[in-house]
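This report introduces a protein chain and its ligand to a reader who has not met them before. Please keep the sequence and the structure in view while reading.

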Amino acid sequence: MDHARINQPPEVLLSRYEIEQRVAELGAKISLDYRGRVPHMVGVLKGAWVFMADLIRHMEVDVTVDFLGISSYGSGTQSSGEVKITKDLDVSILDRDVLIIEDILDTGRTLKYLEDVLLAHKPRSLRVAALLDKRSRRIVPVRADYVGFEIADVFVVGYGLDFDQKYRQLPDIHVLRLAPTL
Ligand code: PRP
């Protein structure tokens, strides 16, 4: 079904302050777990880049970074199940401790696809950090090793997340209420 945005201010689900505090906690935890290693952080474009930019500044170990471009949603709000790579990795992940950075886990289709692709390149280890987890929506049984917030099945925008490529710039995470178009 097509949707249109209701013309009202979107409700804040997670404030910039809550996000900042949780991202700092995640950075500290991940840094402890990777002591003595140099994790290779692979951000999944486009949604994850704001989270990743903040997360790496809370890392207390050296890191390297790369990005993978993935497209799965089209312009609507429902996962299409189709996943395609729009930007490949720049450097080899052979024998690297790879940490996938996602903004949100929903059906799990994207992460399953990514894990299969990356494991084929034989990293030393592969873990996942996701800022948001809509666990109730899962279709494919994947999980993140590090989760910022588990959230209900609501459509969220801001802090890198979009609706039809808009709202990524919002500093807080908002619930976007959608109404069927007439
Ligand atoms: C979002 C998100 C994940 C994926 C999760 O990306 O960043 O990659 O959807 O959904 P799934 O668990 O149902 O597969 P999206 O396709 O919206 O692209 P974007 O990151 O460019 O906004």
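In helix H2, which spans residues 49-56, the buried residues are Val50, Phe51, Met52 and Leu55. The model discussed here is predicted. The cover over the buried residues of H2 includes helix H1 (16-33) together with E3, E4, E6 and E7.

Helix H3, formed by residues 109-119, has buried residues as well: Thr110, Leu111, Leu114, Glu115 and Leu118. These residues lie on the same side of H3, because they cover an arc of only 130 degrees around the axis. An α-helix has 3.6 residues a turn, so residues three or four places apart point the same way. The packing partners of the buried H3 residues are four strands, namely E3 (40-45), E4 (64-71), E6 (97-105) and E7 (125-133).

**The chain as a whole**

The protein chain holds three helices and 11 strands. Along the sequence, these elements follow the pattern β-β-α-β-α-β-β-β-α-β-β-β-β-β. The chain has 182 residues, of which 47% count as buried. Among its contacts with a separation of 6 or more, 66% are made by residues 24 or more positions apart. The accessible surface of the protein chain is about 9600 Å², and carbon and sulfur atoms account for 50% of that area.

**Surroundings of the ligand**

Which residues come nearest to the ligand? Of the 16 residues around it, these are Glu102, Asp103, Thr107, Gly108 and Thr110. Thr110 also belongs to the buried residues of H3. Both E6 and H3 supply at least two residues of the shell around the ligand, and E6 gives the largest share, three residues. By character, the shell divides into three nonpolar, six polar and seven charged residues.

The following table lists polar contacts to the ligand.

| Residue | Atom of the residue | Atom of the ligand | Distance |
|---|---|---|---|
| Asp106 | backbone N or O | oxygen | 2.9 Å |
| Asp162 | polar side-chain atom | oxygen | 3.0 Å |
| Arg168 | polar side-chain atom | oxygen | 3.0 Å |

On its own, the ligand has 500 Å² of accessible area, and the protein covers 94% of it.

**Arg16 and Asp172**

Arg16 is located in helix H1, whereas Asp172 is located in the loop between strand E9 (156-157) and strand E10 (173-175). Is Arg16 buried or exposed? Arg16 is partly exposed, because its relative accessible area is 37%. Asp172, by contrast, has a relative accessible area of 10% and is therefore buried, the limit being under 20%.

The two residues are in contact: leaving aside residues up to four places away in sequence, Arg16 touches Pro171 and Asp172. The side chain of Asp172 reaches the backbone nitrogen of Arg16 at 2.6 Å. Under the same exclusion of residues up to four places away, Asp172 touches Val12, Leu14, Ser15, Arg16, Ile19, Val157, Gly158 and Tyr159. Gly158, one of these residues, lies 142 residues from Arg16 in sequence, yet the C-alpha atoms of Arg16 and Gly158 are 9.9 Å apart in space.

Terms used. Residues numbered from 1 in each chain as written. Predicted model: local features only at pLDDT ≥ 70, side-chain atom pairs only at ≥ 80, totals over all residues. Heavy atoms only, no water. Buried < 20%, exposed > 50% of the residue type's maximum accessible area, 1.4 Å probe, protein only. Arc of directions from axis to C-beta. Contact = heavy atoms within 4.5 Å. Near = heavy atom within 4 Å. Polar contact = N/O pair within 3.5 Å; in protein donor to acceptor, adjacent residues only side chain to side chain. Areas by Shrake-Rupley, 256 points an atom, 1.4 Å probe, with all protein chains shown as cover. Nonpolar A, V, L, I, M, F, W, Y, C, P; charged D, E, K, R; others polar.
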